Amino acid sequence: MEPTSRPEGTVTQSPVSAHRSSLTLRVNGTQRPLTLDHRTTVLDVLREHLDLTGTKKGCDHGQCGACTVLVDGRRANSCLLLAVAHDGADITTVEGLADGASLHPLQEAFIARDALQCGYCTPGQLCSAVGMLTEAADGHPSHVTPPEYTGGGEAELTPMEIRERMSGNLCRCGAYPSIVRAIEDVAR
């Protein structure tokens, strides 16, 4: 039995069983208590249980990046994460990037650079870019980071560095040049 919404806005939870567990996820700053089947992915929680449909289901195998969200500040493919394994996690979706009516700087840059076409991959691209900028600021190297880089400061985000770090996010429309330029705009 899945959680059901009542007209008053209350949620009734089904009882915990051998195949279900109670957990709490903090999604976009809001604590969300849930009782879920153990096989439920974070992606399905977001889309089917919390009606946060910005995160997209692309390949459902962790290969396209359309489902990328931030989990405790790190980017992750939500289609590969079992929700019960993330009890207490802080999850940020594309809906949580904006600060009220103010868009995140990457959202603004994607619009300004026309870094999308159909838009299906855009939520995952945005969440991945936010995570990637944090990783670079924290000094994490990538496969193409020059060998002389010692990790003592922020990694330089050249176009080649951005392409490598974003390589887990596919865009069927081929908006890659504009995506890279939008990320460069924010990284400066």
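Me: How many of the 188 residues of the protein count as buried, and what makes a residue "buried"?

Reply: 42% of the 188 residues count as buried, because each has under 20% relative accessible area (over 50% would be exposed, in between partly exposed; 1.4 Å probe, protein chains only). By the way, this is a predicted model, where local features need pLDDT of at least 70, side-chain atom pairs count only at pLDDT 80 or more, and totals for chains, interfaces and linings use all residues. Residues are numbered from 1 along each chain as its sequence is written, and side-chain values use heavy atoms, leaving out hydrogens and water.

Me: How do you know whether the radius of gyration agrees with a compact globule?

Reply: Take the C-alpha atoms and the globule rule, 2.2 Å times the number of residues to the power 0.38. For 188 residues that gives near 16 Å; the protein has 18 Å, so the two agree. Its C-alpha atoms fill a box of roughly 55 × 35 × 30 Å along the principal axes.

Me: What makes the largest "nonpolar core" a core?

Reply: The name fits because its members are buried Ala, Val, Leu, Ile, Met, Phe, Trp, Tyr or Cys residues, joined through side-chain atoms within 4.5 Å. This core has 25 residues, and Leu106, Phe110, Met132, Ile162 and Ile183 have the most contacts inside it. Helices H2 (105-112), H3 (122-137) and H5 (176-187) each give two or more residues, with the largest share, seven, coming from H3.

Me: Which residues is Ile183 in contact with, leaving aside its neighbours within four places in sequence?

Reply: Among them are Leu106, Phe110, Ala129 and Met132, where contact means heavy atoms within 4.5 Å.

Methods:
Helix = DSSP H or I, 4+ residues; strand = E, 2+ residues; numbered from the N terminus.
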